[in-house]
Amino acid sequence: MNAAPRYMEAPRRSWLDRVSDPSEKVLAWMLLTPAIVFMTAIVAYPVATLIWNSFHDVRLLAGQSGRFVGLENFALLMQDAQFWRAVRNTMIIVLVTVPGSLIAGLALAMLANMPFKSRGPIRLALLLPWAMPLAFVGLIFAWFFHSEYGIVNDLLVRMGFEPRIWFNSPTLTMMAICIATIWKTSSFMALILLAGLQTIPASLYEAAEVDGASKWTQFTQITLPLLVPSMLVALIFRTLTAIQSFDIPYSMPGPGEETQTLAMYIHMNAVDYLDLGYSSALAVCMFILSIATTWIYLRYVRGDK
Amino acid sequence: MRMPAFGLAVLLLALATARPVSAQQVELRAFMGGQHRPDVVRSLLKDYMAANPGVKVTVEVGGATSELHQRYLSTVLTARDESIDAFLIDIIRPAQFAAAGWAEPLDAYLGDERDAIRARYLEGYRTANTVNGKTIALPGFADAMFLYYRKDLLEKYGEPVPTTWPELARIARKILDAERDPNLQGLSFQGKAVEGAVCTFLLPYWSLGGEIVRDGKMSFDRTKAEASLNMWRAMVDQGIAKRNIAEVGTDDTRKEFQAGRVLFAINWGYAWNHFQTGADTRVAGKVGVVRLPAMPGGKSVTCSGGWSWAVSAFSRNKAEAAKLVRYLTSPAVAEQLAIRASQHPAMAEVYADPDVLKAVPWFADALPVIETAYARPVTPMYRPISDALRINFNTVMAGVRTPREALDEIEHRIKRALR
């Protein structure tokens with residue numbers, strides 16, 4: 001924008017005038033300052049502390065509170081089998097639950113977008129899993145999959161299958177965790193995709209109908225391409241939360257620490273062992289992973305345009 | 001203008017000096033776990049508040065297991081939260097609390113009575129709560145693991161109380177085969193990765209003479225550890241313990257025994273009161289309790305437990321909190337806890353109390369067991385060591401790892417913790 005027109009400039013301005021009628025530049029700073037202060041306090045400062053800690057030995061239980069150790073924490077991490085197992089588990093959750101909730105969410109969104117009478121209650125029901133706290137979902141599904149008291153084994157037995165001790169097996173536990181996560185997160189995907197679906201003009205489908213396109217062709221040629229921007233937004237959010245998976249895997253523990261995720265491993269080192277240096281190094285890794293993922297998605301968005 | 005200002009100043013001064021008078025009520029908050037019978041403690045605190053009208057104590061309950069309990073306190077105390085004044089901590093934790101600076105040393109608050117008060121407690125509990133010469137906490141109650149058994153079933157089949165683990169397995173097998181009750185378990189123990197599982201693992205290991213840490217250095221006997229893991233694993237494989245034992249925590253064992261579904265159970269002292277007087281108990285009058293069995297060629301050992309009261313280093317009312325802790329760790333309270341919650345006193349004198357012996361007759365024989373109980377490793381790095389043991393014990397019980405694989409990881413993790 002241009003500077004204010006000349007006739008608005010008073011020859012001499014008191015500080016009161018300047019505050020009540022600031023120039024654009026001053027106004028910009030005035031408006032930005034609260035946000036800058038706020039972001040510095042809640043984002044920049046903690047992130048800087050985290051990075052500082054990751055280069056120091058901050059083991060509160062060993063009485064170490066800040067000896068500089070350079071990259072030692074990162075070197076330990078590279079040789080730490082538990083860290084790699086946590087990364088592997090986290091990646092499994094990302095690779096299974098992100099596409100899983102996208103597909104389930106898309107199906108739910110299409111359903112909710114259909115013209116039928118009781119749409120209101122259905123859309124409300126769609127929101128329910130999204131509104132539920134993650135830890136509750138984890139605890140509820142942990143009971144579902146409990147080997148003696150769980151509903152899943154009850155159904156298996158009724159259908160003539162062998163009951164399984166789900167939480168005795170890392171594979172079965174990961175399955176249970178993924179099912180719970182997909183159930184929980186699909187409604188968020190559905191919500192964003194539903195908003196996307198509603199922006200697609202009905203005239204496009206009518207025209208396709210006239211040209212004799214099948215429902216499937218309409219879906220692949222009209223719905224999907226026009227939904228890509230909403231999908232990308234939903235996927236970025238979903239992938240980031242999947243990388244940070246904590247609540248559900250934490251409330252549904254498998255044998256030992258076989259199904260520990262990266263966030264759980266960070267929590268264990270920070271809260272249980274009070275090893276703030278090492279847990280900060282782990283958190284820095286997670287941070288890098290999140291940034292890299294976002295960057296890849298954003299590149300894809302720009303490349304597409 | 002001068003006079004009103006002067007008047008205002010006087011008024012303010014009056015208000016300022018009046019405040020302490022109205023705020024003389026001291027509010028204390030004590031934190032304890034749900035398994036430690038807060039109902040009983042609350043009723044004891046009523047007496048305390050009646051005797052100390054200036055003090056109001058509220059009890060905050062949290063932590064279904066020792067780990068969750070600790071996790072909550074870690075979070076609150078790392079944040080230097082002032083809202084909790086006194087807390088109950090597991091007997092394995094004073095070293096950690098001292099290292100982290102979370103517990104206010106009590107010596108100054110005990111004054112001249114310090115030595116007399118400390119002398120009251122059993123030696124194991126006195127030393128467990130003393131770190132580098134400082135009294136970090138005072139014992140609230142002592143504990144040990146015992147073998148609970150169904151007296152009625154053993155009598156029915158004319159079997160003795162087992163003194164070794166293989167004998168227990170044989171008797172359990174015989175009774176399970178004869179009873180043909182699919183809901184009856186031969187033995188229930190803690191296979192879930194909870195603190196109790198550390199003890200479960202250590203019982204046979206100690207029975208054979210093994211140690212974990214000696215003078216801050218690792219001393220781990222693979223052969224004895226493997227014998228322990230194999231023994232427990234065999235209990236599961238032979239169908240004496242249930243297949244999902246890896247899901248069973250301390251209070252699950254208690255509940256299942258109480259529901260009449262368990263023949264032998266390993267549990268702490270608190271279970272007795274639930275078995276005998278719990279509202280839904282099916283085993284009242286049918287319960288026996290004895291020392292734990294030994295490994296063949298080993299001795300009968302048990303794991304010492306118990307919880308201690310400490311004063312928060314961040315409390316704003318440390319003197320009052322210390323006074324409260326002194327009350328909660330006094331012989332009078334220990335007697336009530338024994339009678340109403342079957343919690344073992346940490347003082348020898350209370351075991352001879354006739355009212356206590358009337359409520360919990362088996363306490364007469366419990367004192368020597370408590371006194372000879374083995375303590376889990378004492379080190380500020382206890383938590384990672386505990387994790388190494390219980391996590392790996394749990395994976396073996398779940399059948400995910402072989403005992404040998406588990407032992408490799410135990411050794412690796414203990415070494416790393418003590419680096």
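How many salt bridges does the rule find across the interface of chain A and chain B? In this predicted model, the search returns six such pairs between chain A and chain B. One pair joining the chains is formed by D272(A) and R383(B), with the closest N and O atoms 3.3 Å apart. A network of salt bridges links R85(A), E257(A) and E258(A) with R401(B), E409(B) and R413(B). The contact between the chains draws on 30 residues from chain A and 32 residues from chain B. The size of an interface is often given as the accessible area lost when the parts come together. For chain A and chain B, the buried area is about 2500 Å², and carbon and sulfur atoms give 47% of this value.

Over all chains, the count of salt bridges comes to 35. Among them is the pair of K318(B) and E104(B), whose closest N and O atoms lie 4.0 Å apart. K318(B) belongs to helix α14 (residues 318-328) of chain B, whereas E104(B) is placed in the loop between α4 (94-100) and α5 (107-110) of chain B; the salt bridge therefore ties together parts that are 214 residues apart in sequence. E104(B) counts as buried, because its relative accessibility is 19% and the cut-off for burial is under 20%.

A salt bridge within a single helix is provided by R173(B) and D177(B), with a closest N to O distance of 3.0 Å. Both residues lie in helix α9 (residues 165-179) of chain B, and because they are four residues apart, about one helical turn separates them. R173(B) is partly exposed, at a relative accessible area of 30%, and D177(B) is also partly exposed, at 43%. A further salt bridge in chain B pairs K224(B) with D221(B), the closest N and O atoms being 3.2 Å apart. In this pair, K224(B) is partly exposed at 24% relative accessibility, and D221(B) is likewise partly exposed at 24%.

A search of the whole structure for disulfides yields one over all chains. The bond is formed by C199(B) and C303(B), whose sulfur atoms are 2.1 Å apart. This pair links distant parts of the chain, 104 residues apart: C199(B) is in helix α10 (residues 195-207) of chain B, and C303(B) is in the loop between β12 (287-290) and β13 (304-311) of chain B. The torsion about the S-S bond of C199(B) and C303(B) is about -45°, so the disulfide is left-handed. C199(B) is buried, with a relative accessible area of 0%, and a value of 0% is likewise found for the buried C303(B). In chain A, two further cysteines were examined for accessibility: C178(A) counts as buried at 6%, and C285(A) is buried with a relative accessible area of 18%.

On the surface of chain A, a nonpolar patch of about 730 Å² is made by W15(A), L16(A), V19(A), V26(A), L27(A), M30(A) and L31(A). The elements giving two or more residues to this patch are α1 (15-20) and α2 (24-54) of chain A. Helix α2(A) gives the most, with four residues. V26(A), one of the patch residues, lies in helix α2 of chain A. With a relative accessible area of 41%, V26(A) is partly exposed; this value satisfies the requirement of over 30% for patch residues.

Note on methods: Residues numbered from 1 in each chain as written. Chains lettered and ligands numbered in written order. Predicted model: local features only at pLDDT ≥ 70, side-chain atom pairs only at ≥ 80, totals over all residues. Heavy atoms only, no water. Patch = residues over 30% accessible without salt bridge, like charges linked within 9 Å, V, L, I, M, F, W, Y side chains within 5 Å. Areas by Shrake-Rupley, 256 points an atom, 1.4 Å probe, with all protein chains shown as cover. Salt bridge = Lys/Arg side-chain N within 4 Å of Asp/Glu carboxyl O. Buried < 20%, exposed > 50% of the residue type's maximum accessible area, 1.4 Å probe, protein only. Disulfide = S-S within 2.5 Å. Contact = heavy atoms within 4.5 Å. Buried area = accessible area lost by both parts, 1.4 Å probe.
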